[in-house]
Amino acid sequence: MMEKKRHALRKLLEAVEHELLKKPNRKTLDRLSLLAGFQDWESFQEALHGVDDGESNYEVKRKETP
């Protein structure tokens, strides 16, 4: 009987570990990026690993007067 409980507990722990290590879906990543001040996950990744600093998210396009 104890062996069945041990096996069940091991399976439960494996399932929990699998869920904890699972990568969030794209929608979740986009929402987290918005909280950090970026338009989407791609913009966040570019700022993190590239030369973009995220300021382009806040640029206001001005009309040029002739």
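This is a short tour of helix 2, its contact with helix 3, and the salt bridges around them. You're looking at a predicted model, where local features need pLDDT of at least 70, side-chain atom pairs count only at pLDDT 80 or more, and totals for chains, interfaces and linings use all residues. Residues are numbered from 1 along each chain as its sequence is written, and side-chain values use heavy atoms, leaving out hydrogens and water.

Start by selecting residues 26-35, which is helix 2 (helices are DSSP runs of H or I, at least four residues, numbered from the N terminus). At its start, a side-chain oxygen of N25 sits within 3.2 Å of the backbone nitrogen of K27. After the helix, click G37: its phi is positive, near 95 degrees.

Now add helix 3, residues 41-49. The two axes (lines fitted to C-alpha atoms over the stretch in contact) come within 8 Å and cross at roughly 60 degrees. Show R26, L29, D30 and S33 from helix 2 with W41, E42 and F44 from helix 3; these make the contact (heavy atoms within 4.5 Å).

Next, zoom in on R26. It forms a salt bridge (a side-chain nitrogen of Lys or Arg within 4 Å of a carboxyl oxygen of Asp or Glu) with D30, closest N and O atoms 3.2 Å apart. R26 also forms one with E42, at 3.9 Å; that pair links helix 2 to helix 3, 16 residues apart. Together, R26, D30 and E42 are linked in a network of salt bridges.

Last stop: E14 and K11, another salt bridge, at 4.0 Å. They lie 3 residues apart in helix 1 (residues 2-21), so about one helical turn separates them.

Terms used
Polar contact = N/O pair within 3.5 Å; in protein donor to acceptor, adjacent residues only side chain to side chain. Helix = DSSP H or I, 4+ residues; strand = E, 2+ residues; numbered from the N terminus. Axes fitted to C-alpha atoms, helices over the stretch in contact; angles between N-to-C directions.
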